[in-house]
Amino acid sequence: MDFHACNCKNVTITEGIFGEIWIDDRDQILSDVIPKTIKSYTMVNTNRMEIVVITWGATIVSLKCPDKYGYSADIVLGFDNIKGYTNPVTNPFIGCILGRCANRIKNGHITIRGRDYELTKNDFNGKHHLHGGTNGFGRKIWDSYIAGCSVVMSYLSQDGEEGYPGAVLTTIRFKLTSDNKLDICMRTTTSKPTIVNLSHGSMFNLAGHDSGEAELKKHKVLLNCDRWTFADYTDPIPTGAIRGVGGTVMDFRIPRILGEYMEKVPPGEGYDHNLCVTKSGQSGSSFVAKVWHVKSGRALEIYSDQRGVQFYTGGRLPPQISSELLPTYELLEDIGEIEENDELYKSDYEDEEEEMKVEKQYKKIITVPKKIEFILGKNGAQYKKYSAFSIQPQNYPNAIHYSHFPCSILYPGQVYYHDLTYKFEVHLANYM
């Protein structure tokens, strides 16, 4: 990572503390009982852009930029405090780094050099692996420091974490430039052959993070993608087929108003699909997408060196609560609800009468997934379905299982790299 030739006088970085957290050994390897400090870094340039990143999951907490009237608003979903970010129910992957392998892996199973590995299954009712697992890179505390006008974060993933082989060292550089670009440079090395596919999960609403579905559907979208990795709507995993976007709802090669197409995507849940970036043989970063909100004039351009891009319009917000996260036992106020043929509980009840030691009883219940109405976000905002969009450049999903997909295996001695750029603009008139 090159820190030279930066014009730091146009960008200031302030380090702060976002919160503290205790983490047990099952989540992250910590030998002490002292709470871990979550640091925050606020980057501001002379154009009044302000970006806040924290060391929990290398997460973008806030991104403020002015509209065509000069009014500045926060345009990314997030939470007010660390408690909101560490809650696995309401915050699966909002605003954080996605890894060790972004997107889905079929059945949570991979084979590398003839060896099979079973990864954590945390998607599609416990069938597939998603975004590095239940405790992937987005739920780790990253080391950090300021280098010039950049914030650098690093994390060492241990061999076997979430089922992945090899110890993996990842470094991420966040850099805000004077021309309103946010560069996110990702680098990774490994001790054993493994799979790596990194991206960032920021969710945007250019009208403001609290603007909701009505304003999201007014966005115009342009994607530099001529094909997509086909997936049946009954299962989000690509089948291996690559199809052209022409004549389909996947065709954003010319600007489209998002609301006119979202409801046409089977089964009516909006977009959560991977498209293939048109590269035309060039190497390095290239144009991936442009999204703009006409009323505010805010526009976002995205550049990346990856071959694919996941386009998501928030159809799974708020998330469905997994039965694994719900209580296994329910308190019974009325002991008479216990069935007569349940000898175990009858015995407990008799003991209660004789010894008067047990005041209340419990019975095992069958839990079912539930749906919460909204996610409570920053400043009391209610994030509901279709509250924001996410454009995540990355490798193709499930690439490990298809030889004609770009290779996702990283070997010792190699360096994985992904350079991602968000460029923010203001359109004073609707010229497109």
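**Arginine 104 and aspartate 272 in the annotated binding site**

In this predicted model, the side chains of arginine 104 and aspartate 272 are joined by a polar contact of 3.1 Å. The two partners both belong to strands: arginine 104 sits in strand S7, which spans residues 104–105, while aspartate 272 is part of strand S21, covering residues 272–277.

A look at the record helps to place this pair. In an unreviewed UniProt entry, the annotation "binding site" covers Asn103, Arg104 and Asp272. These residues are spread over 170 residues of sequence, yet they cluster in space, with a largest C-alpha distance of 11.4 Å. Of the annotated residues, Arg104 is included in the lining of the second largest cavity.

The surroundings of arginine 104 come next. With a relative accessible area of 5%, arginine 104 counts as buried because this value falls under 20%. Setting aside residues up to four places away in sequence, arginine 104 touches Asp123, His129, Leu130, Pro236, Ile237, Asp272, Gln310, Arg316, Pro397 and Asn398.

Aspartate 272 can be followed in a similar way. Apart from neighbours within four places in sequence, aspartate 272 is in contact with Arg104, Gln310, Phe311, Tyr312 and Arg316. Gln310 and Arg316 are thus found among the contacts of arginine 104 and among those of aspartate 272. For glutamine 310, the link to aspartate 272 includes a polar contact between the two side chains, at 2.9 Å. The side chain of aspartate 272 therefore makes polar contacts with the side chains of arginine 104 and glutamine 310, each pair lying within the 3.5 Å cut-off.

Notes:
Residues numbered from 1 in each chain as written. Predicted model: local features only at pLDDT ≥ 70, side-chain atom pairs only at ≥ 80, totals over all residues. Heavy atoms only, no water. UniProt positions renumbered as here; feature names shortened; annotations may be inferred. 1 Å grid on protein atoms, 1.4 Å probe; cavity = no way out; pocket = protein on both sides within 12 Å on 5 of 7 lines; lining within 4 Å. Helix = DSSP H or I, 4+ residues; strand = E, 2+ residues; numbered from the N terminus. Buried < 20%, exposed > 50% of the residue type's maximum accessible area, 1.4 Å probe, protein only. Contact = heavy atoms within 4.5 Å. Polar contact = N/O pair within 3.5 Å; in protein donor to acceptor, adjacent residues only side chain to side chain.
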